[in-house]
Amino acid sequence: MPSLSDYVTSHIVCLSVALIVVSSSVIVTEDPPPKIARLVGGQHPWEGRLEVYNKKRKEYGTVCDDGWHMNASQVACRMLGYAEALNFHYGNVFGAGSGKVLLDDVRCTGNETTLFQCKRAKMGKSDCHHSEDIGLTCSNDTIGERMEARRAAVSIRRMKKDRKKIRVRLRGRSTLQPISEGVVEMFYKGKWRTACADGWDIHDATVVCGRLGYKQALPLSSRYVEDDELQRRKSMKFTNFGCLGSEVLIGSCPFDDLESFTLCESEAVAHVRCHRGSFVIDTPYEDDVDVEELDRELEAKLDGVAAADENEKNETMEAEVVDEAAEVIEDGASSNTTETDEGTEEPQVFNKLGKEALRTSKKARRTQSKHGRKRPRPNIRLRAGGNFGEGRVEVYIKGTWGTICSESWDLTDASVACKQLGFGAAKEIVPNSGFGQGVGPIWLWKMQCRGHERSLTACNHGYYNSSSCTHSLDAGVRCIVPDINVKSHVKLEGGTYEREGRVSVLLNGEWANVCGGTEWGLLDAKVICRQMGLDHARYAIQSTLSYGAAPKRNIMMLDVQCTGKERTIRECKYSRRSQNNTCYRGFRAGVVCVEYLPDVLMDLHVLQSSVRIQDWPDSLMTCSREEGCLSDVPNRYGLRRLLRFTSAIMNRGMEQFRPVLNRYSWIWHSCHMHYHSMEIFSHYDLMNRKNERVAQGHKASFCLEDGHCDDGIQPQFSCNSDQGISVNCIDIYASNIDCQWVDITGVKMDLYTLRIHVNPDNLVAETDYENNLIECDLYYGGTSVVIGHCVFVADKMED
């Protein structure tokens with residue numbers, strides 16, 4: 001039997017255990033530690049009177065506004081957990097505090113973590129009152145929220161950036177190349193994806209076609225057959241495209257990601273049909289589609305009926321201006337009198353007769369042009385570009401070609417130009433005369449295209465030719481053109497680098513050489529360089545023996561004659577090899593391609609204002625006769641009649657114009673005591689109404705120099721040293737220089753055409769050969785002359 005002591009002991013143990021259990025179930029709570037700072041008295045948590053906590057005294061106190069500024073406000077708001085400070089408030093705006101003013105004379109740099117790290121008075125030491133308590137207004141988002149928003153913004157920017165990098169292609173069964181009809185595929189994050197056709201329309205298709213180099217989209221052909229293999233429904237990634245049709249990039253359009261191809265309601269992929277245009281070599285006739293009508297419908301859908309009507313009105317007005325310009329004779333026809341050794345002048349009545357003759361000639365040409373015209377004149381063109389679809393943009397307004405100022409020139413404006421030219425969207429803008437400076441008016445400026453206009457003149461822009469721009473700001477563009485796969489049909493071999501070599505052409509599945517020799521020139525070489533995407537041709541190499549041994553191939557192309565406009569060398573005129581038509585193997589043709597070249601052309605205004613007649617003694621023209629500058633017509637009274645004029649030759653290209661020969665090969669002329677660096681630099685011809693030459697002249701470039709340069713350009717060439725014409729400089733042959741004339745001794749009074757051809761044999765490579773030939777109407781009245789309508793022949797109306 002247990003003793004009393006055992007009984008007591010056991011109860012004590014049980015009681016102790018119970019107390020332990022009870023005590024363990026009790027939860028002891030403590031107040032959270034006070035915040036290091038707080039805002040009090042504001043309507044929102046992020047504003048109020050600033051108070052800080054004193055740990056020693058375990059109390060809050062206010063902050064004096066002495067020395068307070070925005071840097072301290074930023075530190076305080078961040079210390080409170082907010083993203084930034086918006087404002088601070090002097091003079092107790094949020095009510096007076098209680099207790100001590102704990103901080104005074106706080107001066108922060110803005111980089112501190114807390115106010116206690118800033119320069120300040122000792123904690124609790126202050127001469128301020130609560131009427132000077134500082135108040136704050138912080139941003140309503142916390143630092144964490146701001147960081148999260150920034151991370152989201154970065155993610156969105158990255159997504160947009162990735163979307164803008166989306167490339168497109170078409171896959172279809174068409175045998176025509178490049179493909180222009182098929183399923184749309186988009187390259188995104190390393191894979192080619194298809195798109196759901198939900199909401200897909202012609203506006204979306206227009207953007208896709210523009211990225212492939214085509215001007216516009218067409219309705220799908222009824223012949224188009226869906227192909228399960230091509231559709232790749234399981235690869236659907238995008239849906240609900242909302243393009244306007246004016247976008248340059250498909251990634252700029254709004255669209256949604258497709259979580260699963262099973263969510264595509266139409267169960268079909270997007271596909272398009274593009275208008276192939278005239279640039280594509282094997283384009284079939286589109287008999288089933290009225291392209292112009294489709295153009296108008298698309299514009300109406302994009303911009304509304306009212307805007308479409310307005311654009312139509314603008315284009316009509318433009319056409320009327322062009323027609324009016326064709327009807328009215330240009331002002332400023334120059335008339336000059338004869339200068340004889342006696343200094344006599346012709347009566348002014350001749351001026352009226354001469355101008356009337358020019359007016360009659362203009363009207364006759366205009367009438368002939370109207371009756372013989374086969375197609376309307378283009379009102380936009382590209383000049384001086386080396387590759388397909390690139391160059392300085394020029395527009396035809398009020399009867400004259402002019403340029404565009406690039407001050408506000410952007411990708412949207414450039415895309416309108418590209419589509420007006422028949423290509424796709426713009427790949428790149430080239431501002432600030434990147435293709436060389438143009439001449440004439442700067443028609444358009446402050447361009448503000450929206451992307452769907454049918455022409456640049458339909459865009460908002462500054463008033464015609466009234467800007468302060470100079471030609472140094474001329475706009476250029478590189479358009480997206482369809483890949484017509486012509487680069488793979490030609491190659492260069494044997495050169496020291498990729499831009500030069502012996503030309504080999506793929507003909508009928510066989511690589512063949514091209515015959516060089518004297519028939520091979522720069523216009524032929526230009527086609528080769530452009531076909532290969534290598535810009536301009538600097539040299540047309542007539543013999544490529546220096547490139548070493550060549551593969552044994554047939555020479556299949558002989559007597560090549562290109563105009564320089566062909567897309568491929570096979571489009572040029574040429575002869576095939578035969579038993580009677582062969583070429584020595586040493587004369588295989590070659591080329592050297594470069595990115596930049598000069599571009600020389602004549603200043604028409606200087607020419608037209610300087611023409612005059614002069615009778616000059618034959619006895620003083622010994623040197624001129626020796627250089628072939630006089631006609632064989634016998635003189636009268638010992639005098640020769642000369643049609644004199646000043647020739648100002650500009651270099652508006654991107655590189656110096658240098659003579660074709662180096663200075664050690666120049667020819668010395670002892671009579672004039674100078675070197676000729678080019679035997680013929682310009683041809684001068686006087687043509688009658690039957691287009692027969694009645695008189696001629698020429699200018700040997702015995703002294704190419706920088707006679708005048710644009711502002712900021714230092715002349716580099718002179719007659720006394722090296723010869724040439726610097727970029728944006730002018731070589732001036734004054735009318736009083738020997739051979740700067742056409743000898744018209746014995747020429748009858750009549751209406752003529754003065755024709756001047758600079759670099760006539762294309763001996764020096766240029767970016768643009770079409771501006772080298774000019775023509776002027778000229779009425780010769782015996783002892784006086786009237787000249788007018790000087791134009792570049794390439795600028796004339798196309799018949």
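How many of the 10 residues of helix α2 (residues 70–79) are buried? Seven are, so to speak, tucked under cover, and the helix is mostly covered. This is a predicted model, where local features need pLDDT of at least 70, side-chain atom pairs count only at pLDDT 80 or more, and totals for chains, interfaces and linings use all residues. Residues are numbered from 1 along each chain as its sequence is written, and side-chain values use heavy atoms, with hydrogens and water left out.

**The whole chain**

- The protein chain has 11 helices and 41 strands; these are DSSP runs numbered from the N terminus, with helices being H or I of at least four residues and strands E of at least two.
- Of the 799 residues in the chain, 49% are buried (buried means under 20% relative accessible area, exposed over 50%, partly exposed in between, with a 1.4 Å probe and protein chains only).
- Take the contacts (heavy atoms within 4.5 Å) between residues at least 6 apart in sequence: 72% of them join residues at least 24 apart.
- Accessible surface adds up to about 40,500 Å², and carbon and sulfur atoms own 51% of that (Shrake-Rupley method with a 1.4 Å probe; for residues, only the protein chains shown count as cover).

**Helix α2**

- The buried residues here are A72, S73, Q74, V75, A76, C77 and M79.
- Their cover includes four strands: β1 (37–41), β2 (47–54), β4 (85–89) and β6 (135–138).
- After α2 comes G81, which has a positive phi, near 100 degrees.

**Disulfides**

- Searching the whole structure turns up 15 disulfides (pairs of cysteine sulfur atoms within 2.5 Å).
- C64 and C128 form one of them, with 2.0 Å from S to S. The torsion about their S-S bond is about -70 degrees, so this disulfide is left-handed. C64 sits in the loop between β3 (59–63) and α2, and C128 in the loop between β5 (101–103) and β6, so the pair ties together parts 64 residues apart in sequence.
- Both ends of that link are under cover: C64 is buried at 0% relative accessible area, and C128 is buried at 10%.
- C405 pairs with C469 at 2.1 Å from S to S, and this link is left-handed, with -65 degrees about the S-S bond. It connects distant parts of the chain, 64 residues apart: C405 is in the loop between β17 (400–404) and α8 (411–420), and C469 in the loop between β19 (442–444) and β20 (476–479).
- C405 counts as buried at 2% relative accessibility, and C469 does at 10%.
- C515 joins C583 with 1.9 Å from S to S. Here the torsion is about 75 degrees, so the disulfide is right-handed. C515 lies in the loop between β23 and α9 (522–531), while C583 lies in the loop between β26 (573–576) and β27 (590–594), 68 residues away in sequence. C515 and C583 are both buried.

**N513 in strand β23**

- N513 belongs to strand β23 (residues 510–514) and is buried, at 1% relative accessibility.
- Its side chain makes a polar contact with the side chain of S504 at 3.4 Å (a pair of N or O atoms within 3.5 Å; within protein, one must be able to donate a hydrogen and the other to accept it, and residues adjacent in sequence count only if both atoms are side-chain atoms).
- The N513 side chain also has a polar contact of 3.1 Å with the side chain of R588.
- Leaving aside neighbours within four places in sequence, N513 is in contact with R502, V503, S504, P551, R553, N554, I555, M556, M557 and R588.
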